[in-house]
Amino acid sequence: MPSSFKDEGFFSHIRRIEKMRDQLNNIKTQAENELSAVTAIQELENLRVKFLGKKGELTSVLRGMGSLSAEERPVIGQLANEVREFLENKIEEAKKRLVNSERNKKLADEVIDVTIPGKRKILGTKHPLSIVIDEITEIFLGMGYEIAEGPEVEKDYYNFEALNIPKNHPARDVQDTFYINENVVLRSQTSPVQIRTMQSKKPPIKIICPGRVYRSDAVDATHSPIFHQIEGLVVDKGVTMGDLVGTLEIFAKGLFGENSKIRLRPHHFPFTEPSAEVDVSCWACGGTGCRVCKNEGWIEILGAGMVHPKVLEECGIDPDVYSGFAFGIGAERTAMGRFNIDDLRLLYENDLRFLRQF
Ligand code: PHE
């Protein structure tokens with residue numbers, strides 16, 4: 001006979017069993033409701049802990065079993081087991097439901113509609129200047145030239161001095177130069193790369209150097225303070241003026257077509273001797289005279305000459321053993337001719353209506 005029977009009387013005992021039964025049934029209904037509303041795996045886990053965990057509601061009801069008699073305990077025990085089993089099943093069910101719906105949601109999110117029209121990527125085109133520079137580069141690479149480079153912020157020594165243009169030389173005025181300080185300039189030509197190349201490697205030398213150059217010119221239809229040149233330099237034993245002319249002919253025909261001709265006019269550059277300005281027969285009229293060539297039949301596109309012995313000497317190359325030729329092609333001028341562009345500014349304004357034409 002449990003002590004409680006004596007102390008509290010039979011009916012209070014009955015009430016206790018009933019109360020536990022009610023509590024268990026309550027847990028069952030409450031858990032069932034909450035489980036059916038659950039929408040996420042984490043929520044489900046929280047509910048499992050709440051009802052079945054060590055500090056959960058079911059456990060706390062079972063703790064009260066100590067006050068029951070030996071006959072009553074199995075009754076409540078069985079009910080408690082039923083409730084636990086019921087809840088475990090419900091939780092398992094809910095879990096399946098959630099996993100399933102999560103997978104379906106993922107599948108729905110990842111659905112690819114193959115009937116939606118494609119997005120077209122708008123491709124840019126090469127800038128006319130780049131087209132011309134690339135074409136020229138390609139022609140010389142085909143003749144076995146290598147590409148050389150030099151800095152745009154350059155020492156006065158490389159840009160002028162070593163090219164036989166001492167301080168106060170009138171040629172400095174022709175190339176109105178941007179000075180950073182007394183000894184440093186924005187290069188006014190790509191010719192300093194000649195010096196850098198000859199001072200860093202031994203002949204045979206065969207290089208071209210496409211690059212940006214700067215001169216303090218006001219902007220107009222034919223001038224810009226920044227423009228591009230393609231420098232060329234060949235140094236070896238026995239290089240002659242004939243090699244220069246032959247090379248420039250191949251260049252002109254390669255760029256402007258088989259019927260192109262070139263013409264050399266005597267000129268002066270301090271770093272070449274003899275020097276020449278080189279014209280190409282007009283690509284618009286073929287030489288008969290038209291608007292493009294201003295009825296000249298010829299268009300000037302580059303300067304050239306045989307490397308001056310003083311320049312070779314400055315670079316430690318013996319002018320009695322070696323000779324060479326050099327040239328500098330104006331890229332803007334060539335592009336304007338090639339594409340019949342009558343205003344240099346168009347090359348720099350980046351107006352899409354202009355650029356799309358190439
Ligand atoms: N550097 C000269 C210029 O800018 C062009 C040139 C290059 C002339 C090489 C001769 C040899 O005018």
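The exercises below, each with a worked solution, concern strand pairing and salt bridges in a predicted model.

**Exercise 1**

Determine which strands pair with strand 6, in what direction they run, and whether strand 6 is largely enclosed or not.

*Solution.* Begin with strand 5, residues 205-214, which is joined to strand 6 by 10 bridges, the two strands running antiparallel. One position in this pairing is Gly-211, which stands opposite Gln-229 of strand 6.

Turn next to strand 10, residues 323-330, which is joined to strand 6 by eight bridges and also runs antiparallel to strand 6. Here Val-234 has Phe-325, in strand 10, as its bridge partner.

Finally, consider burial, for which the cut-off is a relative accessible area under 20%. Nine of the 11 residues of strand 6, which spans residues 226-236, are buried, and therefore the strand is largely enclosed by the rest of the structure.

**Exercise 2**

For the salt bridges Glu-93 to Lys-90 and Asp-109 to Lys-105, work out how far apart the partners lie along helix 5, and classify Lys-90, Asp-109 and Lys-105 as buried, partly exposed or exposed.

*Solution.* Take Glu-93 and Lys-90 to start with: their side chains meet in a salt bridge with an N to O distance of 3.7 Å. Both residues belong to helix 5 (residues 72-109), and because they are three residues apart, about one helical turn separates them. The relative accessibility of Lys-90 is 22%, so this residue counts as partly exposed.

Then take Asp-109 and Lys-105, whose closest N and O atoms are 3.2 Å apart in their salt bridge. These partners are four residues apart in helix 5, and so they too are separated by about one helical turn.

For their exposure, the cut-off to apply is over 50%. Asp-109, at 56% relative accessibility, counts as exposed, and Lys-105, with a relative accessible area of 52%, is likewise exposed.

**Exercise 3**

Describe the salt bridge between Asp-134 and Lys-126, classify the exposure of each partner, and state which residues are linked in a network of salt bridges.

*Solution.* The first step is the contact itself, in which the side chains of Asp-134 and Lys-126 meet with an N to O distance of 2.8 Å.

The second step is exposure: Asp-134 has a relative accessible area of 33% and is therefore partly exposed, while Lys-126, at 48%, is also partly exposed.

The last step widens the view to the whole structure, in which a search finds 19 salt bridges. A network of salt bridges links Asp-156, Glu-161, Lys-167 and Arg-172.

Key
Residues are numbered from 1 along each chain as its sequence is written. This is a predicted model: local features need pLDDT of at least 70, side-chain atom pairs count only at pLDDT 80 or more; totals for chains, interfaces and linings use all residues. Side-chain values use heavy atoms; hydrogens and water are left out. Buried means under 20% relative accessible area, exposed over 50%, partly exposed in between (1.4 Å probe, protein chains only). Two strands pair if DSSP finds at least two bridges between them. A salt bridge is a side-chain nitrogen of Lys or Arg within 4 Å of a carboxyl oxygen of Asp or Glu.
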